[in-house]
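Thanks, everyone. Let's go straight to the structure on the screen.

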Amino acid sequence: MTKHDNLIGAEWVSFGNYQDNINPSDISDVIGTYSYGDASSVEAAVEAAKSAFPAWRDASPQLRHDVLDAVGNTIASRKDEIGRLLSREEGKTLAEGIGETMRASQVFKFFAGEALRQVGDLQASVRPDIEVEVTREPVGIVGLITPWNFPIAIPAWKIAPALAYGNCVIIKPADLTPGCAHVIAEILHECGCPPGVFNLVMGRGSVVGEAIVTHPDISAISFTGSVATGHRIAETCGRLRKKVQLEMGGKNPMVVLNDADLSVAVPACVNGTFFSTGQRCTASSRLVVEAGIHDEFVEAVSKAMQSLKIGDALDQATQIGPVVDATQLNSNLDYVDLAKTEAAEVIGGERLELAAKGFYQAPALFVGTSNDMRINREEIFGPCGSVIKVADFDEAVAVANDTEFGLSAGICTQSLKHARAFKRQAAAGMVMVNLPTAGVDYHVPFGGRKGSSFGAREQGRYAVEFYTTVKTSYVFAG
Ligand code: NAP
């Protein structure tokens, strides 16, 4: 069994306490064993980062560019192997695993370019003979805490901007998926990232995560994960006056109007709701459908859903892999039972026993639901979607926005008027027209409103807001 250690400074460090990383497609397959740290491990990482910070802060943008560019190239050159590891540890299909790996490569390459494009403002002062300069500086040592559902893309879209703008990093990946973050650490190390600039500490959220959030020398926390953990982290960061960025859950609506082209709407809804086993914060979990197209839509979506091939993530024929672990599977099955209790018609959703022992579930469609049911208020985070019938566009918008979340919202329509109105009225950070609610570009901002997100946006040039702090300098040149 391969043992994997933590990267602290220039060293691979074992903290003992090895935990097995299990394949959810086949629980007899142990991917590797990973050394989990504790608060003292975080302390060691902070010391390494503190030593490295001054030189990295002042490093030539060319050096930062070259490291990030090399990381992006290396990830791309190893996409099949890393994508396979990703699918093996998280359970998304091989095509999705390789696609996500390529996304991580693109993100590193984008921010390699951003390292060279750091600009400031030179302004005339309101006083004579004085120049005012507005520049951006790194915030210092940043703590990155990531979830299991995008085990390489999310670490990449936090690490790459953090390093591009001159910060040092301590990352704690999700307990369930340490493998991909470990590979990124190996690649950064090989690609000449100076010792201590990037540190990996694996371990439990309640131990390593808490230690990162509360450490006085870590200046900023970027977190992606559940609402409950996010709120806890925000409270601590507020108390400690720490910069914080949270990306949390979703209950994303996909509106389907009477004039929708079903050859567009059905694949968009099936993709958005069920692909990646529904384990996407941007998943279309509420399908808000106008009455005139409702029956035809439900029939087409349930037919397409039932034809999806569920199986081992590494099988090329598989379209929907397993649920990530037993806890998430049991939670999903409880929601299927709840849907029945709440008097929805439930199509699919049952536990599947396949040849390999894994956490398999048939996708579920809940029909005849109303927006006040718990299945439509709480994030399920599994391959489950609800259909909510509405009378017209205005009711569709009202239902779409009637949620504590606000990450992504979609509409399928052939009406330019309704598409434009929806773009303006949707209370969400991202809006999709005739596209799945999930699936985004890497060079533009990602994030939501209300209970889904807090703080500055991630990705694209907007990432500069979180990973830098502004300095205003006055120079008397008289
Ligand atoms: P989670 O349980 O909140 O865990 C997220 C991360 O926080 C993990 O690394 C976890 O460590 C750590 N953590 C747990 N308790 C902590 C604590 N007290 N202090 C500091 N860190 C702590 O979420 P998850 O189940 O991994 O991910 C699923 C959630 O992520 C869903 O709600 C989904 O919507 C959301 N998500 C949001 C986005 C977005 O961009 N909006 C993207 C993807 C996922 P352990 O793994 O050791 O528990």
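What is the strand order in the open sheet of three strands? The order is E6-E7-E23, and the pairing is antiparallel. Keep in mind that this is a predicted model. The edges are strand E6, residues 121-124, and strand E23, residues 468-476. Each of those edge strands pairs on one side only. On average, neighbouring strands in this sheet are turned by 20 degrees against each other, with direction ignored.

Now the E6 side of the sheet. Strand E7 covers residues 130-138. Four bridges join E6 to E7, and the two run antiparallel. Take Gln-123 as a landmark: its bridge partner in E7 is Val-132.

Next, the nonpolar cores. How many residues are in the largest one? It has 87. Within that core, Phe-198 and Ile-221 touch the most other members. Helix H5, residues 153-164, gives the largest share, nine residues. Where does this core lie with respect to the two domains? Domain 1 is 3-248 plus 452-476, and domain 2 is 252-433. Both give residues to the core, so it lies between them.

Let's zoom in on Phe-198. Leaving out residues up to four places away in sequence, Phe-198 touches Leu-7, Ile-159 and Val-169. The list of Phe-198 contacts also includes Ile-171, Ala-185, Leu-188 and Cys-193.

One more core to show. A second core, separate from that one, has 26 residues. Among them are Leu-262, Ile-293, Val-298 and Leu-365.

That's the tour. Over to you for discussion.

Note on methods: Residues are numbered from 1 along each chain as its sequence is written. This is a predicted model: local features need pLDDT of at least 70, side-chain atom pairs count only at pLDDT 80 or more; totals for chains, interfaces and linings use all residues. Side-chain values use heavy atoms; hydrogens and water are left out. Two strands pair if DSSP finds at least two bridges between them. Axes are lines fitted to C-alpha atoms, for helices over the stretch in contact, and angles run from 0 to 180 degrees between N-to-C directions. A nonpolar core is a set of buried Ala, Val, Leu, Ile, Met, Phe, Trp, Tyr and Cys residues joined through side-chain atoms within 4.5 Å. Buried means under 20% relative accessible area, exposed over 50%, partly exposed in between (1.4 Å probe, protein chains only). Domain bounds come from an automatic or database domain assignment. Contact means heavy atoms within 4.5 Å.
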